[in-house]
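Hi,

Here is the structure I said I would pass on to you. Have a look at it first, and then read on for what turned up.

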Amino acid sequence: MADQYAEAILQNLAEKQIITIEQANDLRKKLEEGGNLWKLVVDTEIATEDQYTQAYAMAIGLPYVKISDLNIPKEVLSVIPESTAREHRIIAYEQTPDALRVAMADPSDRQIIEFIRKKVDLPVEVSVTTANSVREALAKYQDTLETELQNLVQQVQATLPEGEDLSKVAEDL
């Protein structure tokens, strides 16, 4: 991370009174010694991942979105394949006729943004979110798919003649 961003993150955290001026000064010294700001702030629990990510989003001039607060339509969520979403920590959360809105933990990953833009043939508006938020949203989506699959299996079983086994029918196919 560039020094200007680290400084802006520290200022944002101090302005929100998440860290003190003294802590900010101590963190600056540790950064000069080669420390990693994320590890210095989040791993040591000076700030939460959410607080740090909000400060980071402000520092780089992108909006922050808390994915867990959103109800994402399945068709929007599925715009980005799950494996791609997990690998790049990115999730689509809103689609309009004019743009696809995505939230990602690393908005510097321009290749994935360009890939998605070409795939949907729409401008992609990027917001910042936490990596945990992406994982939680994908887990919720996975749970929804599993529930839908179970419901589908139950519906198919209900249509089978009495005594007919679904696995036997599947084998016959």
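Let me start with a helix pair: helix 1 and helix 2 pack with their axes 9 Å apart, at an angle of about 160°. Please keep in mind throughout that this is a predicted model. Since angles over 145 degrees count as roughly antiparallel, helix 1 and helix 2 are therefore roughly antiparallel to each other. Their crossing is right-handed. On the helix 1 side, the residues that meet helix 2 are Ala6, Glu7, Leu10, Gln11 and Ala14. Helix 2 brings Ile21, Ala24, Leu27, Arg28 and Leu31 to this contact.

Two of those residues also pair up through charge. Arg28 and Glu7 form a salt bridge between their side chains, at 2.6 Å from N to O. This pair links distant parts of the chain, with Arg28 in helix 2 (residues 21-32) and Glu7 in helix 1, 21 residues apart. Both partners fall in the middle class for accessibility: Arg28 is partly exposed at 23% relative accessibility, and Glu7 is partly exposed with a relative accessible area of 26%.

The loop between helix 1 and helix 2 holds Gln17. Its backbone may catch your eye, as phi of Gln17 is near 60°, a positive value in a residue other than glycine. Most residues other than glycine have a negative phi. Gln17 is exposed, because its relative accessible area of 71% lies over the 50% cut-off. Glu45 has a positive phi too, near 65°, and is likewise a residue other than glycine. You will find Glu45 in the loop between helix 3 (37-43) and helix 4 (49-60), and it is exposed, with a relative accessible area of 71%.

Back in helix 1, two further residues deserve a look. Ile9 has its place in this helix and counts as buried, at 0% relative accessibility. The C-alpha atoms of Ile9 and Tyr56 are separated by 5.5 Å, although these residues are 47 apart along the chain. Asn12 also belongs to helix 1 (residues 3-15). Is Asn12 buried or exposed? It counts as buried, because its relative accessibility of 9% is under the 20% cut-off. Leaving aside residues up to four places away in sequence, Asn12 touches Ala55, Met58 and Ala59.

Now for the nonpolar interior. The largest nonpolar core has 26 residues, and those that touch the most other members are Ile67, Ile80, Ile91, Leu100, Val102 and Ile116. At least two residues of this core come from each of helix 5 (74-77), strand 1 (90-95), strand 2 (100-104), helix 7 (110-120), strand 3 (124-128) and helix 8 (131-159). A second, separate core has 20 residues, including Ala6, Leu40, Ala47 and Tyr56. Ala6 is thus in this second core as well as among the helix 1 residues that meet helix 2, and Tyr56 is the partner of Ile9 mentioned above.

Val102 is a good residue to centre your view on. Not counting residues up to four places away in sequence, it touches Ile80, Ile90, Ile91, Ala92, Tyr93, Val124, Glu125, Val126 and Ser127.

How many salt bridges does a search of the whole structure find? There are 6. Besides the pair between helix 1 and helix 2, here are two more for your list:

- Arg101 and Glu125 meet through their side chains, 2.9 Å from N to O. Arg101 in strand 2 and Glu125 in strand 3 are 24 residues apart, and the pair links distant parts of the chain. Arg101 counts as partly exposed at 23% relative accessibility, and Glu125 as partly exposed at 35%.
- Lys30 forms a salt bridge with Asp26, with the closest N and O atoms 3.3 Å apart. These two are separated by about one helical turn, because they are 4 residues apart in helix 2. Lys30 is partly exposed, with a relative accessible area of 34%, and Asp26 is partly exposed, with 36%.

The strand pair also belongs to something wider, since a network of salt bridges links Glu94, Arg101 and Glu125. Glu125 appears in two of these stories: it takes part in that network and is among the contacts of Val102.

Happy browsing, and best wishes

Note on methods. Residues are numbered from 1 along each chain as its sequence is written. This is a predicted model: local features need pLDDT of at least 70, side-chain atom pairs count only at pLDDT 80 or more; totals for chains, interfaces and linings use all residues. Side-chain values use heavy atoms; hydrogens and water are left out. Buried means under 20% relative accessible area, exposed over 50%, partly exposed in between (1.4 Å probe, protein chains only). Contact means heavy atoms within 4.5 Å. A nonpolar core is a set of buried Ala, Val, Leu, Ile, Met, Phe, Trp, Tyr and Cys residues joined through side-chain atoms within 4.5 Å. A salt bridge is a side-chain nitrogen of Lys or Arg within 4 Å of a carboxyl oxygen of Asp or Glu. Axes are lines fitted to C-alpha atoms, for helices over the stretch in contact, and angles run from 0 to 180 degrees between N-to-C directions. Angles under 35 degrees count as roughly parallel, over 145 as roughly antiparallel, 65 to 115 as roughly perpendicular and the rest as oblique. A crossing is left-handed if the near helix is turned anticlockwise from the far one by less than a right angle, and right-handed if clockwise.
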